[in-house]
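User: I am new to this structure and would love a close look at a single part of it. Could you walk me through the sheet and what packs around it, then point out a few other places worth finding?

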Amino acid sequence: MEQEDARQQGMVFNIQKYSVHDGPGIRTIVFLKGCSLACRWCSNPESQSGFPELAYNAGRCLSLGKCGHCLPACPHGSIAEGSDGKPSIDRSHCTGCSLPCVQACPAQGLLAYGQPKSVDEVLRVVEQDMAFYSRSGGGLTLSGGEPLLQGSFALALLREARKRRIKTAVETCGMVAPDVVREAASCLNHVLFDLKHMDAAVHKAQTGCSNARILDNFRILADDFPEVPVLARTPVIPGVNDTPEAIAAIADFVRPFGRIRYELLPYHRLGTQKYHFLGREAPLGDAQLGKDLFRALQGVALDILGERVQIPG
Ligand code: SF4
Ligand code: SF4
């Protein structure tokens, strides 16, 4: 079983070192591809599909006149010349391919979001920073997408990390099978659990799914795994949950679980460029969240949960 864990493969789209925002201490964040929700504000659009995806960064392209290697590399004729003299990609045909155009591109104008990696390959990168983890109380955080959606790979990563004395955390949206939550919890040192809205209909309209299973999984973690610290988090999104009523409803849900801490995260637009690289429009456009409104909503949570509210530094 242990050797099998190290050899298991999953779809990874990024490994980010020296993070201080996603769990205690200094951490390495491993981003797994695939998500069970489709949040309209997603800042990692490249995480949503479970498969490798083609990204095109026009700013790095040398132009077809000077280069043009991608054109003949595509076996499906999905790349043509655009009006700007650079590639125009027909994404309706650009699926299920092994991305030879990315291999052909010398300038990183074409990129692949997502690569298969083994548990051992991932942990060899994570282990490079063991000294930082032991000094800061940090470790590995699995993120995504929804990392627990790749259940057997995520569980193998967590088991093998613990075997190698690496502390583990997961950032989850909670929309996964309860059995996977239970199994993951037994090899986690920390959970970051997103609660986005308490109204099931609004949750479904904004994320594609009702919140019923998410809330059930939250109760499982809170009640059945008292040894695992849980931080509930709400990304505050303009037009979705940026009202005192919405935040109060979430804080009221968290309140009976006395050991659970809570944090509000302000909406940001850092994912906008990645939508463009994928040939998509960012669904929320140029929506913004005012600082004063965010502070007022933190005040709502503080009134209900007091010192259990964590204020990001
Ligand atoms: S990913 Fe495949 S189908 Fe799409 S443009 Fe590249 S080679 Fe063509
Ligand atoms: S191979 Fe890359 S740099 Fe060359 S034309 Fe295609 S996208 Fe541009």
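**A walk around the sheet**

Analyst: Let us begin with a landmark: Ser 63 sits in the loop between β3 (53-56) and α2 (70-73). Ser 63 is not a glycine, yet its phi is positive, at about 90°. Keep in mind throughout that this is a predicted model.

Now to the sheet itself. It is an open sheet of nine strands, and following it across gives the order β7-β1-β2-β8-β9-β10-β11-β12-β13, with mixed pairing. At the edges stand β7 (115-118) and β13 (309-310); each has a single partner strand, so one side of each is left without a neighbour in the sheet. In general, the strands of a sheet pair through backbone hydrogen bonds, in either a parallel or an antiparallel way. For an example of a pair, look at β11 (residues 230-236) and β12 (residues 261-266), which run parallel and are joined by six bridges. Within this pair, Pro 235 has Leu 265 of β12 as its bridge partner.

Next, go back to the β7 edge. Helix α4 (residues 119-126) lies across β1 (9-19), β2 (27-32), β7 and β8 (139-143), and runs at about 80° to β7. Helix α4 also packs with helix α6 (residues 151-163): their axes are 10 Å apart and meet at an angle of about 45°. The two helices are therefore oblique to each other, and their crossing is right-handed. On the α4 side the contact involves Val 119, Val 122 and Leu 123, while α6 brings Phe 153, Ala 156, Leu 157, Glu 160 and Ala 161. By class, that makes seven nonpolar residues, one charged and no polar ones.

On the way from β8 to α6 there is a loop, and Gly 145 is found in it. Gly 144 and Gly 145 are joined by a cis peptide bond, with omega about 10°.

Finally, let us visit the two ligands. Around ligand 2 there are 13 residues, of which Cys 61, Leu 62, Cys 67, Cys 70 and Cys 105 come nearest. The shell of ligand 2 has ten nonpolar residues, three polar and no charged ones. Around ligand 1 you will find Leu 54, Cys 74, Pro 75, His 76, Ser 78, Ile 79, Cys 94, Cys 97, Leu 99, Pro 100 and Cys 101. By class, the shell of ligand 1 has nine nonpolar residues and two polar ones, with no charged residues.

Key: Residues are numbered from 1 along each chain as its sequence is written. Chains are lettered from A and ligands numbered from 1 in the order in which they are written. This is a predicted model: local features need pLDDT of at least 70, side-chain atom pairs count only at pLDDT 80 or more; totals for chains, interfaces and linings use all residues. Side-chain values use heavy atoms; hydrogens and water are left out. A residue is near a molecule or strand if one of its heavy atoms lies within 4 Å of it. Ala, Val, Leu, Ile, Met, Phe, Trp, Tyr, Cys and Pro count as nonpolar, Asp, Glu, Lys and Arg as charged, and the others, Gly among them, as polar. Two strands pair if DSSP finds at least two bridges between them. Helices (H or I, at least four residues) and strands (E, at least two) are DSSP runs, numbered from the N terminus. Contact means heavy atoms within 4.5 Å. Axes are lines fitted to C-alpha atoms, for helices over the stretch in contact, and angles run from 0 to 180 degrees between N-to-C directions. Angles under 35 degrees count as roughly parallel, over 145 as roughly antiparallel, 65 to 115 as roughly perpendicular and the rest as oblique. A crossing is left-handed if the near helix is turned anticlockwise from the far one by less than a right angle, and right-handed if clockwise.
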